[in-house]
Structures are given as C-alpha cells and as structure tokens.
Amino acid sequence: MTIGDITPKKERKSRRSKHVVDDTAPLLPKRQDEDAGYDEFNGASFTGAVFNLSTTVVGAGIMALPATMKVLGLILGIAMIIFMAFLTDASIEFLLRFSRAGKTTSYGSLMGDAFGKYGRIFLQICVLVNNIGVLIVYMIIIAYDGLLVLEGDVLSGTSSSGVHHAGVLEGWFGEHWWNGRTFVLIVTTLGIFSPLACFKRIDSLRFTSALSVALAVVFLVITVGIAIIKLISGTIMMPRLLPDVTDLTSFWRLFTVVPVLVTAYICHYNVHSIDNELEDSTQIKPVVRTALALCSTVYIMTSFFGFLLFGDSTLDDVLANFDTDLGIPYGSLLNDAVRVSYAAHLMLVFPIVFYPLRLNMDGLLFPSARPLALSNMRFAFTTVGLITLIFLGANFIPSIWDAFQFTGATAAVCLGFIFPAAVTLRDRHSIATKKDKILAIFMIVLAVFSNVVAVYSDAYAMFKKNSVTEPTA
C-alpha cells in the first residue's frame, strides 16, 4: 500500500498480510508474509520510526558542524543549520508526494517512474557511492587513522611523522597486539557491525537507534557542561558571531561548509523504508518533522557549545579537540568519555546506513528478483560482500574532512536535493505547483553552485598546501 491509498481504517491498521513486490525497487516487502516464515509484524511505531530516521541523520557529520561555525560565525552558522533543515523537509515532502501520486514504494522506483530505468539505476549508484563512503569514514573514525588533525584513532591510536599518538585503549591498557588498529577493526566488524547488519526489517534497529541518539546526547551534555564551567571561570570568551571575510579567498571559503551541512542532513534513502513499515503510513510526515526538529536541536547545541568551548582553535573534526588539555579537573577522563561514547554512537549508526546500501546493491544487481528478505542466500552474500568492501576501503582514506566534502559534493547532494527537485520539475503526474518548481530550481542551483565552489576551494587549498610543503631546490 502506498502513502496515497485510500483504505478503511481497520485495513490500514492491519497491513501485515499484504505482500508488495516491486521488481524495480530494491526494498523489502511492506510487511513480512507469515507464510514466508517470518514472525508476525504489526507495523512500526511512531517513536521507533523517529529514532531510526534521527539516527540516519545524526552520523559523523555532527563532529564537523562546530568547524562550520568557525567559518560562518554563530549567527550565520546556526541560521544555515535551520535553513538546511527546512530545505531537507521540503525535499522529503517532494519525495513523499510524488511517491503517493505514482504509487511507488521506494526512492528507486520513484526515480524509475520519473526518468525510467536509467533514472532508477543512477539513484542506486548514488546510494552506493554515498553510503559506502560514509560507512568507510565511520570505520576510519572508530578504529583507524581518520582524524585529520588529531593524528590518532579513537580507539587504537596511530603513528605520524615518527611520533606515536595513543588511542583510548592504548592509553588505558598500554601497547598490546590486541589494541592495535587492525585487530580493533576486525573485532568491531565481526562483533558489532556484522550482527547488526543481519536484520531484515529496519524497525528491528529501533532500540539500537534510540541508544545511538542517547550517546550523541551524552557527547552534547559533556560538551555543554565543560563549556559552562569554563565560561563561569572566565577562561573562554564569547566566540565570533559573524564570518571573518577579509578578501575574496575568505569569501569563497564560506561555501565550503555547504557540503558538510548537506551531508549532515541526508536521510532520504531511508524515508521510504521507514514509511513502508509504519503501522499508519499517514504518520510519515510527522515522523520526518519530529526527527528533523530533534536533529536540528542537537546540531545547533553541539555547534554553539563546541565553538564556544574551543573558539578559533576548533578543528575540522571537533573530536580532535578532545585530545588536548581541557584545563579542568578530570579533563582526561572527560576526553575519554567523549571519544568512547562517540565511537559507540557510530557503531550503532552503521547498521541504519548499511540497510539501504544493501537493498540498493541488490536492486542494482538483481532488479527483477523477488524481494531480498525472501532470499537468504542473496541476503547473506550481499551483506558479506559489502561489509568486506567497506572493511578494505577503510584502509585507504586518511582524512575525514576530505571524505565528507567529497561525498557531500557528489552523491549526497544528488540524493538530498537534486533528485527530489528533478522529480518535481519532471512532474510526470502534473501535481507540482509553480511554487514547487521555483523551490526545485532553487535547490538545484544552490546544490550545484555551492559544491562546484567547494570542490574548487578544496582543490586550491590542497594545491597550495602541497606547494608550501615541497622542498626547495
């Protein structure tokens, strides 16, 4: 049943026996068929859906947001966070409305309805590029050399320029073979990622998603507490409110934060999956808005207090700042608490991002096959293959900042804004208003312009850095 189906209330409340197979959509059936051997499922709750969507949103991007305040200043930075939340809500509303009109049950089938087979394939490729990139970054942060300035792993530590930087485990227990990077990554993959990736319903992740959000709040509470203590003691000053624009280069640099903001709000690839499992599909819009409101609150407070705490010393990944002396009692303990809670948070975000990755990979490889949930062999091989690919990829991306700007400037922007806007402008079912089309054009222009500038700025900065570090003859 699609969002727009008009059915009696009793039928809407009991859709578990209805089996939907969309050969063009890499999504699970809306309800698991009892005859197929699955437990009875009465539909996902509102709260579980909010936690799952919120966890999709609040990933690693939260740690890059305080750095955007350093570029934009508090006023413009917070305004941009709020603006991107409203723009994300509008883009998701486009997806839901045109899915209802076309009776489609997935993002892929919506693109197929609007642009045909190649539109669906392009969408699936973008989900693969974006989600594989994001999950590789998660592994890097947790147990490999992923912190650009910190030069140390969250858990295991690393060596750079001949100087060893201890991770949390090494700091606690000393240097051993079992707290080295490779072993930590293997244990995390086999002991946490793999089991959580085996669920066939996204609603099964609601409890881990709730815990993931709680761990993000733990980081926020610690940051707020430290900032208030240091503010009362007079050891920190009020941060800059407006951007510091002194020349053309600093002006162009303002646009480089847009990919980070776009990446922070990407959740579009999970909206249909969550909607398909809702007990009452009319709740999907309140679910989306509640999740966006929750995430925006966390983002604003993290950005404000993170920038307040570290000021112009805020690093590209604020987690790196928690490897320094905080100048308060028990500062080392609080540093470890922040890093461990954040690593645990990302471990629980992993399966919610992996879920649509597996579905779209299966849909790309087997577009006419029966739903993935009904084929244990396909499900197992796809899961193992993707986790192996992500595990190997985590060994080759050294910079979290560069990784986020890359995904934000390409696939993530397509998923979040360009594709929903393109579907609206295509308007295959003639339901778009003039206002919708104007907003859609604005989304595309903003996304393309901002990311072209961001890619140019990043390339220029890397070229300039390399030219400075090259030895002279």
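This tour proceeds through the structure stop by stop, naming what to select and what is found there.

**The whole chain**

Begin with the entire chain in view, and bear in mind that it is a predicted model. Its secondary structure comes to 18 helices and 2 strands. The chain has 473 residues, of which 58% count as buried. Among contacts with a separation of 6 or more, 79% are between residues 24 or more positions apart. If a surface is displayed, the accessible area of the chain comes to about 19800 Å², and 67% of this belongs to carbon and sulfur atoms.

**Confidence**

Next, colour the chain by pLDDT. The average is 78, and 76% of the residues score at least 70. Which element has the highest confidence, and which the lowest? Select helix H2 (residues 46-57) for the highest mean, 93, and strand E1 (residues 157-160) for the lowest, 42.

Two stretches deserve separate selection. Over residues 32-38 the pLDDT stays under 50, and the model gives this stretch 14 contacts beyond four places in sequence. Over residues 144-166 the pLDDT also stays under 50, and here the model has 76 contacts beyond four places in sequence. Where pLDDT is low, the predicted coordinates should not be read in detail.

**Aromatic pairs**

Turn now to the aromatic side chains; the structure holds 6 aromatic pairs. Select phenylalanine 193 and phenylalanine 350. Their ring centres are 4.0 Å apart and their planes lie at 15 degrees; the pair is therefore stacked, since planes under 30 degrees apart count as such. Phenylalanine 193 belongs to helix H8 (residues 181-196) and phenylalanine 350 to helix H14 (residues 331-365), so the pair ties together parts that are 157 residues apart in sequence. Are these two rings buried or exposed? Phenylalanine 193 is buried, with a relative accessible area of 1%, and phenylalanine 350 is buried as well, at 0%.

The second pair to select is tyrosine 265 and tyrosine 299. Here the ring centres are 5.3 Å apart and the planes stand at 80 degrees, so the pair is edge-to-face. Tyrosine 265 is in helix H11 (residues 258-265) and tyrosine 299 in helix H13 (residues 284-310), so this pair ties together parts that are 34 residues apart in sequence. Both tyrosines, 265 and 299, are buried.

Return to phenylalanine 193 and add Phe354 to the selection: Phe193, Phe350 and Phe354 form one aromatic cluster.

**Charges over rings**

Select lysine 200 together with phenylalanine 379. The charged end of lysine 200 sits over the ring of phenylalanine 379, at 5.2 Å from its centre. Then select lysine 117 and tyrosine 118, where the lysine lies over the face of the tyrosine, 5.9 Å from the ring centre.

**Cysteines**

How many disulfides does the structure hold? The number is 0. A disulfide is a covalent bond between the sulfur atoms of two cysteines. Select cysteine 126, which is in no disulfide; the nearest cysteine sulfur belongs to cysteine 414 and is 4.5 Å away. Cysteine 126 counts as buried, at 6% relative accessibility. Select cysteine 267 next. This residue is also in no disulfide, and the nearest cysteine sulfur, that of cysteine 295, is 7.7 Å away. Cysteine 267 is buried, with a relative accessible area of 1%.

**A residue within helix H15**

Move to threonine 382, in helix H15 (residues 376-393). Its relative accessible area is 10%, so threonine 382 counts as buried. Which residues does threonine 382 contact, leaving aside its neighbours within four places in sequence? Display Arg358, Met361 and Asp362 to see these partners.

**Two loop residues with positive phi**

The last stops concern the backbone. Select lysine 103, in the loop between helix H4 (74-102) and helix H5 (107-115). Its phi is near 55 degrees, a positive value in a residue other than glycine. At 57% relative accessibility, lysine 103 counts as exposed, because the cut-off for this class is over 50%.

Finally, select serine 430, in the loop between helix H17 (411-426) and helix H18 (434-469). Serine 430 has a positive phi of about 55 degrees although it is not a glycine. Its relative accessibility is 63%, so serine 430 counts as exposed.

Definitions and conventions: Residues numbered from 1 in each chain as written. Heavy atoms only, no water. Helix = DSSP H or I, 4+ residues; strand = E, 2+ residues; numbered from the N terminus. Buried < 20%, exposed > 50% of the residue type's maximum accessible area, 1.4 Å probe, protein only. Phe/Tyr/Trp six-rings, centres within 6.5 Å; stacked < 30°, edge-to-face > 60°. Lys NZ or Arg CZ within 6 Å of the ring centre and 35° of its normal. Contact = heavy atoms within 4.5 Å. Areas by Shrake-Rupley, 256 points an atom, 1.4 Å probe, with all protein chains shown as cover. pLDDT = per-residue confidence, 0-100. Disulfide = S-S within 2.5 Å.
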